[in-house]
Structure formats: structure tokens, C-alpha cells
Amino acid sequence: MNDSGSDVYFGSIQHGIPARFASLAAKVDEIVKLLDFSTIDKKDKVAIKMHLGFRDGYQTVPVFFVRRIVEAVKEQGAFPFVTDNPTSVYNAVYRGYTQETCGCPIIPVSGVKDGYTYRKKTDTHGVKSMDLAGALYDADVLIDLTHVKGHNSCGYGGAIKNIALGGYAAQTRWKKYHTVYKSIPYWHPDKCIPEHAKKLVESCPLKCISYDEKKHELDIVFDRCNQCMECMKADKGVGCIEIRQEHFSAFQELMAVGAKHVLDTFDKDKVFFINFLIEITALCDCWGFGQPCVVHDIGVLGSRDIVATEQASLDLIAKQGLIEEMIPPYLKSLVFRQEGLHPFAQLHGPMKDPYIVVDYAQRLGLGTRQYNLIEVLSPDETAKMEQPKGVSEGEPSFF
Ligand code: SF4
């Protein structure tokens with residue numbers, strides 16, 4: 001990092017010439033070279049943390065690129081392994097990830113029964129501890145290899161989310177992250193009668209509100225809420241519910257804390273961040289199905305600074321904007337058409353501003369939001385290069 005920020009290398013999906021040396025694969029290789037894997041020592045155990053997807057979801061980082069990164073790690077004499085949650089690892093073969101295709105073992109991040117973890121103490125919105133995945137804890141090097149996309153809980157799924165949720169056992173992900181909003185009061189039972197609670201349930205177009213009449217308990221699932229405020233209109237004059245920024249920021253704050261615990265287990269010169277901004281969907285890979293891409297493919301980013309990587313990724317997505325005709329119909333009528341709002345906040349609501357987590361991460365000292373974007377093999381540069389002649393079938397040729 002220098003005065004103007006951290007270096008972030010960028011390879012655009014766009015190319016200036018129809019040639020392999022100008023394509024995204026060549027740019028990934030160049031970025032890996034610039035990231036400088038020489039700080040990886042011989043025999044280091046290198047965790048390549050990815051989201052390997054679930055079920056029918058195929059929009060993860062293509063194994064084609066994973067293999068190239070694995071080979072670059074092996075060139076250092078180190079031992080790479082791809083890792084993710086046990087479920088994703090177990091059925092990764094259905095999405096093309098195997099030891100043979102990746103070129104290295106694929107290991108469940110928290111053991112075969114999701115119980116190989118190290119407890120980390122914390123104190124964030126009532127969360128007192130988090131179970132950090134053992135395979136990350138044991139590794140010498142982290143390559144945080146991320147498919148960038150939207151996320152219904154926090155607006156954005158990037159490098160921070162890949163380790164902040166993906167670096168923990170399911171118990172921490174589902175019972176701590178996804179319920180952290182409950183630490184901030186949002187319903188006042190004494191002001192609410194059952195008939196009014198039922199009216200609130202009916203008011204929500206996204207079915208986020210549920211009510212148990214026997215227990216007189218109302219729940220709002222903030223993970224799915226896009227802050228349309230229909231429930232607040234229905235609550236006018238009663239005032240028994242609240243939808244506030246804090247209910248959404250809590251998740252992002254916990255993500256920054258979770259990411260810090262993971263990164264604290266590594267030396268500073270042994271962490272690398274590579275974000276793929278391709279197949280950018282509205283929802284996370286964990287939904288387990290293919291989705292329309294709501295932002296055009298942008299390319300790949302690489303840095304040694306997680307905050308700078310995330311800030312640059314979000315800025316490039318903001319510049320690109322949403323592809324109107326690709327917004328799924330179930331989101332279309334709910335999109336916030338507000339100037340200056342990030343595309344992911346337009347999809348998931350203004351209180352799910354994806355920059356919030358980046359800001360928390362910076363405040364925790366994980367990096368800087370200032371960055372120098374350094375483009376490699378830009379279309380302008382490669383357009384000036386000589387085009388290869390008549391190469392359509394490479395060696396070895398069976399023609
Ligand atoms: S603000 Fe959220 S909980 Fe309320 S109606 Fe809209 S989506 Fe549902």
C-alpha cells in the first residue's frame with residue numbers, strides 16, 4: 001500500500017484482439033504473476049477458499065481458472081487444496097470440481113461432520129463466539145477465490161463474505177449470522193393484538209413476516225426484507241414494529257468481524273484475494289440454481305488487500321449498472337430506482353448497501369478503501385499487438 005491506496009490488478013473481460021494472449025485466461029495468469037506468489041514458501045499448505053455452489057448452481061468460479069491458480073501455487077513447491085463447506089465439497093463433482101479437474105485435493109473446510117472448528121470469542125450484537133473452520137485455521141496461506149454476486153442478506157457476496165460465512169461451521173452461519181438481527185428489538189408485543197399482527201403478515205409482499213398466535217410471537221426475517229415499508233404503512237397509528245438500518249447493518253458488522261478472525265490466523269504476506277466479476281447474479285451461489293446475470297461480465301480483480309479488492313469490485317459493478325431485461329420478475333417491481341444507489345442495493349433495498357461491510361472491514365484494520373486500479377493487458381494495449389495468423393486448432397492437433 002502507498003499513499004494513494006492498495007494496488008488492485010484488473011483484467012477486463014473485453015479484449016482488443018481475438019487472441020489467446022489478450023483473453024481473460026491470460027489476464028488471470030498475469031494478475032497471479034503480479035500478486036507475486038513468491039511469499040508462499042515451499043511445502044506451505046495453501047487453502048484456496050471458494051464457494052463450490054450447491055445443487056444445480058453452476059455460476060461459480062469456473063474450474064478452468066481454479067486449475068491455473070492451483071498450478072501457479074504448485075510452482076512455488078507448496079501444497080494447495082480447494083476448500084468449502086462439507087455439503088458443497090461432497091457434491092462438488094456434479095458441478096465439475098474434482099481432484100482431477102482442480103489439480104489438488106478438495107477438503108471440507110470444517111471436517112466431514114462440520115465439527116472440526118476452533119472457537120473464537122467475540123462480542124458483536126450478542127454473538128459471543130464463532131466456530132472458525134479448522135482447515136483454514138491450519139493452513140499457512142489463504143487464497144480467497146471468489147465469485148462476486150448479489151446477496152439477499154447483505155446486498156453483496158464477495159471476498160469478505162466468502163471467508164466470513166464460508167470460513168465457519170453451519171451452526172455459526174445459520175444460528176449466528178442469519179439471526180443476528182434479533183439482537184435489535186423490532187417488535188413490541190404489548191402494542192400488538194393478534195388481528196393487527198395478521199394484518200402485518202398480509203402486508204409483506206416478500207412473506208418475511210410470520211406470526212404465531214398461540215405464543216403471540218411475530219418474526220421478521222430481515223435476510224429477505226427489501227425495505228419496501230409496506231408493513232410500516234400497515235402499522236401506521238399502532239407503532240408495534242420497527243425496520244431500521246441497524247437491523248441490516250448488524251449482519252455486515254458481524255461479517256467484518258468474522259473475516260478478521262479468519263485473516264488473523266494468517267501472516268499478512270500469505271493472503272491473496274481474487275474476485276471474479278462474471279456471471280453476476282442477484283442472489284448467492286448457495287441458492288443452488290442458475291440465475292439470469294443482472295450485470296454484464298466485467299472481468300477479474302486481484303490484490304493483497306481484501307478491503308481494496310471489495311471496494312474496487314463494487315465500484316466497477318456500480319459503473320456497469322443493472323441489465324434491466326435480466327432482472328428476475330419477482331424482483332423487478334421491487335427494485336429501488338434511486339439515483340446513486342448501488343445496483344445491489346437497488347435489488348435488495350437501500351439498507352443493504354454493500355459498501356457497509358467494506359467500511360466496517362476498513363475500520364477493523366483489514367485494509368483500505370483507497371486503491372490504485374492497475375489494468376493488465378487492456379483492450380487498448382492488446383489492440384496494438386499483432387494478430388496471430390490462422391490459428392484455430394492448437395497443438396497437439398489430431399486433424
Ligand atoms: S419492509 Fe420488509 S418486512 Fe416490511 S413489508 Fe417490506 S419486505 Fe416485508
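Two strands count as paired here if DSSP finds at least two bridges between them. I note at the outset that the model is predicted.

**Entry 1: the sheet**

With that criterion I looked up the sheet. I find 8 strands in an open sheet, and the pairing is mixed. Read across, the order is β4-β3-β2-β7-β12-β15-β1-β16. At the edges I find β4 (106-108) and β16 (371-375), each of which pairs on one side only. I also looked up the twist: on average, neighbouring strands of this sheet are turned by 25° against each other, direction ignored.

**Entry 2: one strand pair and a helix**

I then took up one pair of strands within the sheet. Strands of a sheet pair through backbone hydrogen bonds, either parallel or antiparallel. For β12 (residues 271-277) and β15 (residues 299-303) I record the antiparallel sense, over 5 bridges. One bridge that I traced joins Ile 274 to Gly 302 in β15. Helix α1 (residues 24-35) lies across both of these strands and across β1 (6-12). I note an angle of about 5° between helix α1 and β15.

**Entry 3: the domains**

How is the protein chain divided into domains? I record domain 1 as 6-180 + 246-383 and domain 2 as 185-243. Their C-alpha centres lie 34 Å apart. Where the two domains meet, 10 residues of domain 1 are in contact with 9 residues of domain 2. On the side of domain 1 that touches domain 2, I find 4 nonpolar residues, 6 polar ones and no charged ones.

**Entry 4: the ligand**

Next I examined the residues around the ligand. Which of the 14 come nearest? I list Cys 204, Cys 225, Cys 228, Glu 230 and Cys 231. By class, I find 10 nonpolar, 3 polar and 1 charged residues in the shell around the ligand.

**Entry 5: Cys 102**

Last, I looked up a single residue, Cys 102, which lies in helix α4 (residues 99-102). Is Cys 102 buried or exposed? The cut-off for a buried residue is 20 or more other C-beta atoms within 10 Å of its own. Cys 102 has 22 such atoms within 10 Å, and I therefore enter Cys 102 as buried. Leaving aside neighbours within four places in sequence, I find Cys 102 in contact with Val 63, Val 66, Arg 67, Val 70, Val 82 and Tyr 97. For Val 70 I also noted the separation from Cys 102: 32 residues in sequence, and 7.1 Å in space, C-alpha to C-alpha.

Terms used. Residues are numbered from 1 along each chain as its sequence is written. This is a predicted model: local features need pLDDT of at least 70, side-chain atom pairs count only at pLDDT 80 or more; totals for chains, interfaces and linings use all residues. A residue is near a molecule or strand if its C-beta atom, placed from the backbone, lies within 6 Å of it. Ala, Val, Leu, Ile, Met, Phe, Trp, Tyr, Cys and Pro count as nonpolar, Asp, Glu, Lys and Arg as charged, and the others, Gly among them, as polar. Helices (H or I, at least four residues) and strands (E, at least two) are DSSP runs, numbered from the N terminus. Axes are lines fitted to C-alpha atoms, for helices over the stretch in contact, and angles run from 0 to 180 degrees between N-to-C directions. Two residues are in contact if their C-beta atoms, placed from the backbone, lie within 7 Å. Domain bounds come from an automatic or database domain assignment. A residue is buried if 20 or more other C-beta atoms lie within 10 Å of its own, exposed if 12 or fewer, and partly exposed in between; C-beta atoms are placed from the backbone.
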